[in-house]
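Open the model in your viewer and keep the sequence panel beside it. The stops below say what to select and what is there.

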Amino acid sequence: PVLISIGALIIITLTNYISIAKYVNQNQKKALASNNLPPSSSSTTRLLRKANALTSYWWPSQDDGGLMAKIYNVQHPADCSSPSTKFFVLRSLMKNDRDTRGLTAFAHAASSHLLHALTDGDKFKKFGSRILITDDVMWPMAKNCANGPETRECYFEPLTSCKLSDVDPLNTSNSSAFLKDSGDEYDRSIRTLYSARKKWFRLTGQKYSWSGLGGGDADHSTIFMLAATLAYYLRPNPYIREQIDKQLRQSLPADIDPDRTIGVPIRRSDKCYGHTLEGSARGELDCPALEVYLNGVKQFVDFDPLVENVIVTSEDKAACDEFVELVKKELPQLRIILNVGDVQQGTGSGSMLEAYVDQASNADVVVSALTSMHMHLRARYFVITSLSTWTSTIAVMARVYGFASEVYVHDVGRNRNLFSALARKGCEPLTGERGK
């Protein structure tokens, strides 16, 4: 009887343990799927969160540690009202309603201003960092925002926990100053510095000086710092995260293998010379024929016969549809993955997004664009035009935060500058390469 009782207790204990384990596992899966794990999660759970988000929303977070956490901590000081807390206010353009920059053009400008703030214009060792904060002027892409203010926070997380009420008003005290041009020098003892109201920005030479990492820029990679600042700026707010997650789940097949996937983010429409789209930026690219993109895909298929998928996205519906037909005809063995529900607004410019597609809101366009970027993080091989900031950004983010084991890029619209080189090969251009 004693043995029977002990056996019964063991069975009951095991049954309870299994039930608890199942409950924990089920709830852990729900947390992984929602990308909403607490900051105290173990590194194993953090890795599982990304692995389990192959076909759903995932984006780097301050909870992952590293540069994202360092940026977050600087941008979220203990006391925003302290006289020792210094600010760099990123101001909108003078004619803000005519600002035609697209998502990644805004992101690159903000990334550079963020590095300016973090290093206080390459003077961190003597003066420390500033908090980057944006003004509250209407952001062109956020016109008629239904889920927040008409600023970038309509779509993205705030850059800082500080408020504009914490900064010193312009021209009302000796504690504030403004830049006429981005490269101007300034008194770094000033508590609040306002940016120049221009598209361009100061280039930071000592990008790692604020990070606390020994060796600085000589020992650490530029691409990781630039990717981290871009990722920080492009953190979607909860509403946009939910929309991206929904669109990713509709678009990505459950069995997608990133190492066997090619990404083709086609940038055309207003990027091309001679376009006639009213309200968009001027063209700056002799857009390659779609057959040139196809040849790039064929090169990767010849290089790696294990390739199974090709992700095709574009803001230009006609170009996307035509390219899909070319792939079906020339490479029928490939599975074509499209951004289901993509608005394909026909422009990358930000000031008139809602004007090109009937019944499409700015939010629909932003969600579609961000979903396309997130989809391409699931590719290993890329065919891009690096003269496009959009496609170069996708390649850079895939190199640092993507799901594939490595990244290869074929550039069919070659540009020669620092960021294009990072997109193509993950490192800075060779001496003398930039101006060629």
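Start with helix H7. Eleven of its twelve residues are buried: Thr-222, Ile-223, Met-225, Leu-226, Ala-227, Ala-228, Thr-229, Leu-230, Ala-231, Tyr-232 and Tyr-233. Keep in mind throughout that this is a predicted model.

**Stop 1: H7 and what surrounds it**

Select residues 222-233 to show H7. The C-alpha atoms at its two ends are 17 Å apart, which agrees with the 16 Å that twelve residues should span at 1.5 Å a residue. Now add residues 66-75, 103-119, 389-401 and 418-425. These are helices H3, H4, H12 and H13, and the buried residues of H7 pack against them.

Stay with Tyr-233, and show Phe-106, Trp-139, Tyr-155 and Phe-156 as well. Ring pairs link these five residues into a cluster.

**Stop 2: Strand E5 and its partners**

Select residues 261-266, which make up strand E5. How many of its six residues are buried? Six of the six are. Thr-261, Gly-263 and Pro-265 lie on one side of E5, with Ile-262, Val-264 and Ile-266 on the other, and both faces are covered.

Add residues 309-314 to see strand E6, which pairs with E5 in the parallel sense over six bridges. Within E6, Thr-313 is the bridge partner of Pro-265.

Next add residues 381-384, strand E8, which also pairs in parallel with E5, here over two bridges. To inspect this pairing, look at Ile-262, which stands opposite Tyr-381, and at Gly-263, which stands opposite Phe-382. The side chains of E8 point both ways: Tyr-381 and Val-383 go one way, Phe-382 and Ile-384 the other, and all are buried.

From E8, continue to strand E9, residues 408-411. Four bridges join E8 and E9, which run parallel. Phe-382, already on display, stands opposite Val-409 in E9.

Before leaving this region, select Arg-267, in the loop between E5 and H9. Is Arg-267 buried or exposed? Its relative accessibility is 10%, so Arg-267 counts as buried. Set a distance between the C-alpha atoms of Arg-267 and Thr-313: the value is 8.6 Å, although the two are 46 residues apart in sequence.

**Stop 3: A four-stranded open sheet**

Hide the previous selections and show strands E1 to E4. These four strands form an open sheet in the order E2-E1-E4-E3, with parallel pairing. The edge strands are E2 (131-134) and E3 (176-178), each of which pairs on one side only. On average, neighbouring strands of this sheet are turned by 25 degrees against each other, direction ignored.

Zoom in on E1 (residues 87-90) and E4 (residues 192-194), which are joined in parallel by three bridges. There, Phe-88 in E1 stands opposite Leu-193 in E4.

Then follow the chain to Asn-96, in the loop between E1 and H4. Its relative accessible area is 8%, and Asn-96 is buried. Which residues does Asn-96 touch, leaving aside those up to four places away in sequence? They are Val-137, Met-138, Trp-139 and Pro-140. Trp-139 is also a member of the ring cluster seen at the first stop.

**Stop 4: Rings and a charge**

The count of aromatic pairs comes to twelve. One to select is Tyr-293 with Phe-323, an edge-to-face pair at 6.4 Å centre to centre and 70 degrees between the planes. Tyr-293 lies in helix H9 (residues 290-303) and Phe-323 in helix H10 (residues 317-330), so the pair ties together parts that are 30 residues apart in sequence. Both residues are buried.

Finally, select Lys-50 together with Trp-58 and Phe-403. The charged end of Lys-50 sits over the ring of Trp-58, 4.5 Å from its centre. That charged end also sits over the ring of Phe-403, at 5.1 Å from the ring centre.

**Last view: the whole chain**

Show everything again. The chain has 13 helices and nine strands, and 53% of its 436 residues are buried. Among contacts between residues at least 6 apart in sequence, 73% join residues at least 24 apart.

Key: Residues numbered from 1 in each chain as written. Predicted model: local features only at pLDDT ≥ 70, side-chain atom pairs only at ≥ 80, totals over all residues. Heavy atoms only, no water. Expected span 1.5 Å × (residues − 1). Buried < 20%, exposed > 50% of the residue type's maximum accessible area, 1.4 Å probe, protein only. Contact = heavy atoms within 4.5 Å. Pairing = 2+ DSSP bridges. Axes fitted to C-alpha atoms, helices over the stretch in contact; angles between N-to-C directions. Phe/Tyr/Trp six-rings, centres within 6.5 Å; stacked < 30°, edge-to-face > 60°. Lys NZ or Arg CZ within 6 Å of the ring centre and 35° of its normal.
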